[in-house]
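Q: Could you take a close look at one part of this protein for me, the largest pocket, and then show me how its surroundings fit into the rest of the chain? I would enjoy a connected walk through it.

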Amino acid sequence: MKYLLLVSTSFLLTACYLLPTQKPSPWLVIDTCNTKTLTGWQLADTQNNTIPFLENAQITEIRSFFDLTSGSASAVDSVSASNSIKGATDTVPTTMSSSVPALVSTSELGVNNGYLIKKPAPDGVVGNRKALSFKALPKPVPVGETYTFYTRIRVERFPNNHAFGISNLHPADIIKHGYNAFEPTLRITDKAESNGFKNNGSLMVKIDSEDKYRQYANVKNTDSNKDAKPLQEGEWYSIWYVVNNATTENGGQVYSVYVKGGEFSSQSLVYENANFRMKRELPLIYFLANCNTGPLKQPYGNGGLAYDDIYMSEGINLTVPY
């Protein structure tokens, strides 16, 4: 009897141990930036007017986390994408990681926990006008479907000019079309437009406008009913962008944006129904980031933008990826 009781207890303990402790995550990894080298990213500098000429001017690399309070700009275990990505094939990471706190040292996290830094060119080098970095999504977003994308970003410093979002073009056409390869687009810049209007570094979204100089709008703080403040240098922001890839006839080709970070102490809706850039009504297939230093005669800076924890999830999903 004691033997049977022992066997039964052992069986129950084993069964409990084998039960799943967590449901599978609804989030698909685009990149967690936790490898020592970039995987699956492709680069192109499509309007490279640098003098003296730098064939691969942009900096897109993985850096390990270090104590950001130190103000150090040095990279740990970093590798330049321009030296490692040529000929790379698109691959999908097999593991996910939780979001990383903003201020934490490398010793606490380990050398394999990092983020991606993207700059148009080294400091002081100007004339690189379209520095593209793009990676295939783990799953296409069909026409008619809604997906939520999650990205953490951190402004290295201003002045800068960055845009990121999702494309429905393949690599050759992304390289050909540059900024027009975007559909849902988020922009960060403090550059002056050609008509003299000065952006202030707030997070921006794409809007339909007949004014060629005002194709973006600042996101809003609904509590104050004003434009959101400029992004703070060195501050991590979590961004959820809910992308409706239905046809325009069916109310799609629009996206809404939620933010946590800076002035937004909790997740906040900051813009509804921003517009796709081109409205091609095709499956969305690539994550795309673009930046530039400005023209040689009127350069506006090489400040970088850091990316981490890039995910996608079917439907409207405003949770934190795990």
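A: The lining of the largest pocket divides into nine charged, eight nonpolar and seven polar residues. Please keep in mind that this is a predicted model. The space in this pocket comes to about 690 Å³. Of the 24 residues that line the largest pocket, those closest to its centre are R129, R187, K191, E193 and S194.

Let us stay with one of them, E193. This residue sits in the loop between β8 (182-189) and β9 (203-206). Is E193 buried or exposed? With a relative accessible area of 14%, E193 is buried, because the cut-off for that class is under 20%. The side chain of E193 makes a polar contact of 3.3 Å with the side chain of K191, and K191 is also among the residues closest to the pocket centre. Beyond the neighbours within four places in sequence, E193 is in contact with R187, N199 and Y213. Of these partners, R187 is again one of the residues closest to the centre of the pocket.

Now to another loop, the one between β4 (114-119) and β5 (131-141), where N128 is found. N128 is buried, since its relative accessible area is 0%. What do the polar atoms of its side chain pair with? The side chains of N128 and D45 are joined by a polar contact of 3.3 Å, and a polar atom of the N128 side chain lies 2.8 Å from the backbone oxygen of P120. Not counting residues up to four places away in sequence, N128 touches D45, Q47, N48, T50, A57, Q58, P120, C291, N292 and T293.

One name in that list, C291, leads to the cysteines. C291 counts as buried because its relative accessibility is 0%. C33 is buried as well, at 1% relative accessibility. How many disulfides are there in the model? The count comes to zero, with a pair of cysteine sulfur atoms needing to lie within 2.5 Å to qualify. A disulfide, after all, is a covalent bond between the sulfur atoms of two cysteines.

The next stop is R277, in the loop between β15 (264-275) and β16 (284-291). R277 counts as partly exposed because its relative accessibility is 22%, and that class runs between 20% and 50%. Its side chain makes two polar contacts that you may want to look at in the viewer: with the side chain of N180 at 2.9 Å, and with the side chain of Y216, also at 2.9 Å. Leaving aside neighbours within four places in sequence, R277 is in contact with Y179, N180, F182, E183, T185, K206 and Y216. Although R277 and F182 are 95 residues apart along the chain, their C-alpha atoms are separated by 6.2 Å.

The loop between β15 and β16 also holds K279 and E281, and both deserve a look at their backbone. K279 has a positive phi of about 60 degrees although it is not a glycine, and E281, likewise not a glycine, has a positive phi near 60 degrees. K279 is partly exposed, because its relative accessible area is 26%. E281 is partly exposed too, with a relative accessible area of 29%. Most residues other than glycine have a negative phi, and most peptide bonds are trans.

On the subject of peptide bonds, where are the cis ones to look at? The bond from I51 to P52 is cis, with omega near -5 degrees, and P52 lies in the loop between β2 (42-45) and β3 (59-64). A cis peptide bond also joins F158 and P159, with omega of about 0 degrees. P159 is placed in the loop between β6 (146-155) and β7 (161-167).

Finally, here is the wider frame around these sites. The protein has 17 strands and three helices. Of its 322 residues, 49% are buried. Among contacts between residues at least 6 apart in sequence, 75% join residues at least 24 apart. The pairing of R277 with F182, 95 residues apart along the chain, gives you one place to see such long-range contact at close quarters.

Technical notes: Residues numbered from 1 in each chain as written. Predicted model: local features only at pLDDT ≥ 70, side-chain atom pairs only at ≥ 80, totals over all residues. Heavy atoms only, no water. 1 Å grid on protein atoms, 1.4 Å probe; cavity = no way out; pocket = protein on both sides within 12 Å on 5 of 7 lines; lining within 4 Å. Points joined across faces, edges and corners; volume = space filled by probe spheres on them. Nonpolar A, V, L, I, M, F, W, Y, C, P; charged D, E, K, R; others polar. Helix = DSSP H or I, 4+ residues; strand = E, 2+ residues; numbered from the N terminus. Buried < 20%, exposed > 50% of the residue type's maximum accessible area, 1.4 Å probe, protein only. Contact = heavy atoms within 4.5 Å. Polar contact = N/O pair within 3.5 Å; in protein donor to acceptor, adjacent residues only side chain to side chain.
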